[in-house]
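Trainee: I have a new structure open and no idea where to start. Can you walk me through it?

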Amino acid sequence: MTPRTTSENAAHDDAGPGPEGSAHEQATSRLPAPEPGSADDLRDAIRVLRIELGILNDRVAARAGLNPRDLDLLDVIDREGPCTPGHLVERTGVRRATLTGVLARLEGAGWILRERDAADGRSARVGSSARFDELRDLYREADAQVERVVDRLDPALRRALPEVLRALVGGRSPAGES
């Protein structure tokens, strides 16, 4: 059964007892749709997008033989270039002790390359390997969908949308902080 909005539940509850008025249905009823263009509308769209991206990432990770959280690390390495494990901790919130094992596993599977810092032999930098093309192939359909949507947008909105998203991300504390 499709959950009704709160107002639909209120109207139907006057009809008397029945399964539609049950506590379960009231608990699963949807809130009214937010006002188009409002902050609530944007929050709702972001929540939907978060879920859809989670599903996509789960599928990509499974097909690549990775854990979904590995994709966060690999994405930072791919987009930001070779970096230190400390940078990955800051950017992803993965605990340093956990990261050591994850990087060893990813290096063993050929996903990353680890190079010792010539100036400081205790430090290492991790970078992407040729296997990253496998991930790009797995994301190809989703990337094409982004292209199709962006191509239909007004040029001003094309410029504004990334700015809005970056502003939202910039407004949070760094990963790992409360």
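Trainee: Start with the outside. What does the accessible surface of the protein chain come to?
Mentor: About 12600 Å², and 54% of that belongs to carbon and sulfur atoms. Keep in mind that this is a predicted model.

Trainee: How many helices and strands are there in the chain?
Mentor: Nine helices and two strands. Along the sequence the pattern reads α-α-α-α-α-α-β-β-α-α-α.

Trainee: Since it's predicted, what does the pLDDT average?
Mentor: The average for the protein chain is 84, and 79% of the residues score at least 70.

Trainee: Where is confidence lowest, and where is it highest?
Mentor: Helix α1, residues 6–13, is lowest with a mean of 43. Helix α8, residues 140–151, is highest at 97.

Trainee: And over which residues does pLDDT stay under 50?
Mentor: Residues 1–16. For that stretch the model has 22 contacts beyond four places in sequence.

Trainee: Back to the surface. Which residues form the nonpolar patch?
Mentor: Leu42, Ile46, Leu157, Leu161, Val164, Leu165 and Leu168. Together they have about 530 Å² of accessible area.

Trainee: Which helices supply at least two residues each?
Mentor: α3, residues 39–64, and α9, residues 155–170. The largest share, five residues, comes from α9.

Trainee: Take Ile46. Why does it count as partly exposed?
Mentor: Ile46 is in helix α3. Its relative accessibility is 33%, so it falls between the 20% limit for buried and the 50% limit for exposed.

Trainee: Now the inside. What share of the chain counts as buried?
Mentor: Of the 178 residues, 19%.

Trainee: How many residues are in the largest nonpolar core?
Mentor: There are 23. Those with the most contacts inside the core are Leu66, Leu74, Leu88, Leu106 and Leu135.

Trainee: Which helices feed it with at least two residues each?
Mentor: α3, α4 (68–80), α5 (85–92), α6 (96–108) and α7 (132–138). Helix α4 gives the most, with five residues.

Trainee: What does Leu106 touch?
Mentor: Not counting residues up to four places away in sequence, Leu106 touches Leu66, Asp70, Leu73, Leu74, Trp111 and Ile112.

Trainee: Asp70 caught my eye there. Is it buried or exposed?
Mentor: Asp70 is buried, because its relative accessible area is 3% and the cut-off is under 20%. Asp70 is found in helix α4.

Trainee: So what is Asp70 in contact with?
Mentor: Leaving aside neighbours within four places in sequence, Asp70 is in contact with Val102, Arg105 and Leu106.

Trainee: And Leu71, where does that lie?
Mentor: In helix α4 as well. Leu71 has 7% relative accessibility, so it counts as buried.

Trainee: Which residues does Leu71 touch?
Mentor: With residues up to four places away not counted, Leu71 touches Asn57, Val60, Ala61, Leu66, Leu135 and Tyr139.

Trainee: What separates the C-alpha atoms of Leu71 and Asp58?
Mentor: They are 9.3 Å apart, and the two residues are 13 apart along the chain.

Trainee: Last one, on contacts in the whole chain. What share join residues at least 24 apart?
Mentor: That figure is 46%, taken among contacts between residues at least 6 apart in sequence.

Key:
Residues are numbered from 1 along each chain as its sequence is written. This is a predicted model: local features need pLDDT of at least 70, side-chain atom pairs count only at pLDDT 80 or more; totals for chains, interfaces and linings use all residues. Side-chain values use heavy atoms; hydrogens and water are left out. Patches are made of residues with over 30% relative accessible area and no salt bridge: like charges are joined within 9 Å, nonpolar side chains (Val, Leu, Ile, Met, Phe, Trp, Tyr) within 5 Å. Accessible areas come from the Shrake-Rupley method with a 1.4 Å probe; for residues, only the protein chains shown count as cover. A salt bridge is a side-chain nitrogen of Lys or Arg within 4 Å of a carboxyl oxygen of Asp or Glu. Helices (H or I, at least four residues) and strands (E, at least two) are DSSP runs, numbered from the N terminus. Buried means under 20% relative accessible area, exposed over 50%, partly exposed in between (1.4 Å probe, protein chains only). A nonpolar core is a set of buried Ala, Val, Leu, Ile, Met, Phe, Trp, Tyr and Cys residues joined through side-chain atoms within 4.5 Å. Contact means heavy atoms within 4.5 Å. pLDDT is the predictor's confidence in each residue, from 0 to 100.
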